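Biologist: Got the model open? I have a few quick things to ask about it.

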Amino acid sequence: MAGLLHLLRRNALVAVIVLAQWPLSMALSRWLNPYYLQIIVYIGINVILAVSLNLINGITGQFSLGHAGFMALGAYVSAAFTLSLGASVAGTTELLVALLIGGFGAAVAGVLVGVPSLRLRGDYLAIVTLGFGEIIRVLILNTNAVGGARGLTGIAPLAGFGSVYGCAVVCVVMLWRLVHSTKGSAFAAIREDEIAAAAMGVDTTRYKVIAFTIGAFWAGVAGGLFAHFIGYIHTNSFTFLKSIEIVVMVVLGGAGSISGAILAAAALTVLPELLRFGAEYRMIIYSLLLIVMMLTRPTGLLGNRELTWRSWKPGTAH
Amino acid sequence: MDQFIQQLINGLSWGAIYALIALGYTMVYGVLRLINFAHGDVYMVGAMMAYYIAHWLGFAVAPSAAGFVIVMVLSMTACALLGALIELVAYRRLRSQPRSSMLITAIGVSMLLEFGGQRVFGPDPKFFPQLIESHSLFRAGSVVMTNIDALVIVVSLALMIGLRWIVMKTRVGMALRAVSFSYDAAALMGIDVNRVLTLTFMLGSALAAAAGTMVGLRNPKIDPLMGLMPGVKAFVAAVLGGIGNFPGAVVGGLLMGLTETFVSAYLSSTYRDAVAFVILIGVLLVKPTGLFGRVTVEKV
C-alpha cells in the first residue's frame, strides 16, 4: 500500500499532464483543421517511435533497423483485437487494452530479436534486424486472417490527440527515468564499451535484451495508436523505409539524447509537410537537407546532451 | 527435373547480378566500414544511363553486340564518375565522425538519387531497348537457356575476374587491400588513402552500372526505385558471404539469386523476400561473421 502511494506520488505529475490534455484534445479535434490534427498526431506517434528506438540505438548502441517491424506487429495485433470485439467497439478502455496487447506482441518479437544481438555486433546486427522487420512484414502480408495483401480495414478509430500524447508522455517519462537511473547507466556503458562494461559487472546480455524488449513494446504501442487513428493498415506502411525514417530521427536528434529524439521526430514529421509547396522537389530538398545536416552537424542536433528546464545538461554518457 | 534446371539457370543469372552489386558493397565496406545505402541507386542510375546512351547513340533501334559493349562501358564510366563524386561530396568529410552519421548521409544520398531520379528520368517505368536480340541458345527438353542469360553470366564472370586481377595484381589493388587491412597503417606507409577510396567507389559503382545494364536486358522495365530492393538484397548477400570478402560476396550473391528463384518457383513468390532474410539470420546465428568471414578476436 505504501509502495502504491509512493508510486502514485512519484507519478502524480505525469498523471496530471496525461489527464489535463483531454480537454485540450476535445478542443483540438473540434476546432482544428483535420489536416493539422493529423500532422500533430503523427508527431506524437513518431515521438514514441523515435524515443523507443533511441533506447536501443542511441543509448544501448545496438544498431537496429527493424523498428517498423515491431510497429507493424503492434498495429496488427491491436487492430485484430479490437476487430474481434465487434463493430460497435468504442472507448478508452478497449483502446488501452488493445495497445497493451499490441505492445506485448511486439515485445515478444523484441526478445526474439534481442537474442541474436547477443552474438552479433554493429552492422551485422543492423542487417539482421532489418531482416527481422522484413520477415515480420512478409509474414503479415501472407496471413489472410489479417487481410494479407488487401490490408486490414474497418479498425475502430479509437485513438486521437489525447491517447497519442498520453502514451507519448508516459513513454518519454518512463524511458527518461530508466535512462537516468543507476540501472540506466548500464545501457550507456554497453554502448561505450561492451567488454569494459562486462568487466565492470554489467550483465550485458540482460540489458541488451531489456533494451530490445522495452523498445519493441513502445514501437508496438505506437503501431496500435497508428492503426486506431487512421482505421486502415497495410504492410506498405511498415517497410524498412519506415525503419530508416525512425533511425534518421534518432541520429539526427543526437544518439543518446531523448530530448533530441523528440525534437527530431517533430521536425522530420513537419518538414516534408512544410516542403509540400514544391511538391515535385519536396523529397529532393528533404534528402539534401539530411545530407547537409549530417555534414555540418555529424553528432546530431543535441549530440548526447539533453535539453532540460535548467540548462544544457551533460547527457547520460558521462 | 526440367523445371529444376530451368530455375537453376534463372537463379544463376540473377545471382550473378546480385554478386556484381554485392562486390561494390563489400569493397566500400572493406575500406570505409560503411553500408553504402546509395549503392543500389547507383545501379539504378547505371540502368538509366544505359537506356539514354542506347537511345542517343542509336543502338536502341539497331541491336548489335558491339552496341551492347559500348553502352555498358559508357554507363560504367558515367557511374564510376558518379561514385567518385558521391564519395567526395558526401562521405569524405565524415570519415572521422560517428559511423551512424555516415550511415544517415548514405541514406540521404540514396533518397537524393531516388527522388532526383524521379525528377530527372520521370517516375514512370521505362522500357529498356533490346540491345541484343533474345534467342534461345540451347534447348534440352523444356529447358531453355537464352543468350541473355548466358551473356549475363559470362560478362559478370569476366568482370569479377577483372576486378580480382586489379585487386590482387596491380599496385592500386595492393593499396586497396592495405587500406582495408588497416587504415592508419596504410596512411603511415605513404598510401594516399583519399585516392584509394575514390578508386574503390569508382570500381564498385562501375560494377553496379554493369549490373544495371544487364538487368535492363533481362527485365526491360526500369524505374527510379528499382535499386531499392536489389540494393538491400545485395548487401544481405555481401553480409552472408562475410563482408569485406570478395569470393564471399560472389557466393552470397549467387546463393541469394538461386534461393529467390527456387522459392518463387516452388513455394510462393510472396515469400521470396523473406526467405533470403531467414537464411541470412540462420547463417549469422551459426557463424556471426558470414560464410567466409574471418573470425576476429576482440582485443581488450
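Biologist: How many residue pairs are in polar contact between chain B and chain A?
Modeller: Three, counting pairs with both residues at pLDDT 80 or more. Keep in mind that this is a predicted model.

Biologist: And how many salt bridges between chain B and chain A?
Modeller: Zero.

Biologist: Which helices of chain B supply the side that touches chain A?
Modeller: Helix 3 (65–91), helix 4 (99–121), helix 9 (228–241) and helix 11 (272–286) of chain B each supply at least two residues. Helix 4 gives the most, with 14 residues.

Biologist: How does that side of chain B divide into nonpolar, polar and charged?
Modeller: There are 32 nonpolar residues, ten polar and six charged.

Biologist: What about the area buried between the chains?
Modeller: About 3900 Å². Carbon and sulfur atoms give 79% of that.

Biologist: Which residues in chain B lose the most area to chain A?
Modeller: B:Ile104, B:Arg119 and B:Ile281. Together they make up 15% of what the chain B side buries.

Biologist: How many residues does the contact take from each chain?
Modeller: It takes 48 residues from chain B and 38 residues from chain A.

Biologist: New topic, the strands. In which sense do strand 2 and strand 3 of chain B pair?
Modeller: Antiparallel, over four bridges. Strand 2 covers residues 136–140 and strand 3 covers residues 143–146.

Biologist: What is the bridge partner of B:Phe138 in strand 3 of chain B?
Modeller: B:Met145.

Biologist: And the hairpin, how many residues are between the strands?
Modeller: Two. B:Gly141 in that hairpin takes a positive phi near 65 degrees.

How values were computed: Residues numbered from 1 in each chain as written. Chains lettered and ligands numbered in written order. Predicted model: local features only at pLDDT ≥ 70, side-chain atom pairs only at ≥ 80, totals over all residues. Heavy atoms only, no water. Contact = heavy atoms within 4.5 Å. Buried area = accessible area lost by both parts, 1.4 Å probe. Salt bridge = Lys/Arg side-chain N within 4 Å of Asp/Glu carboxyl O. Polar contact = N/O pair within 3.5 Å; in protein donor to acceptor, adjacent residues only side chain to side chain. Nonpolar A, V, L, I, M, F, W, Y, C, P; charged D, E, K, R; others polar. Pairing = 2+ DSSP bridges.
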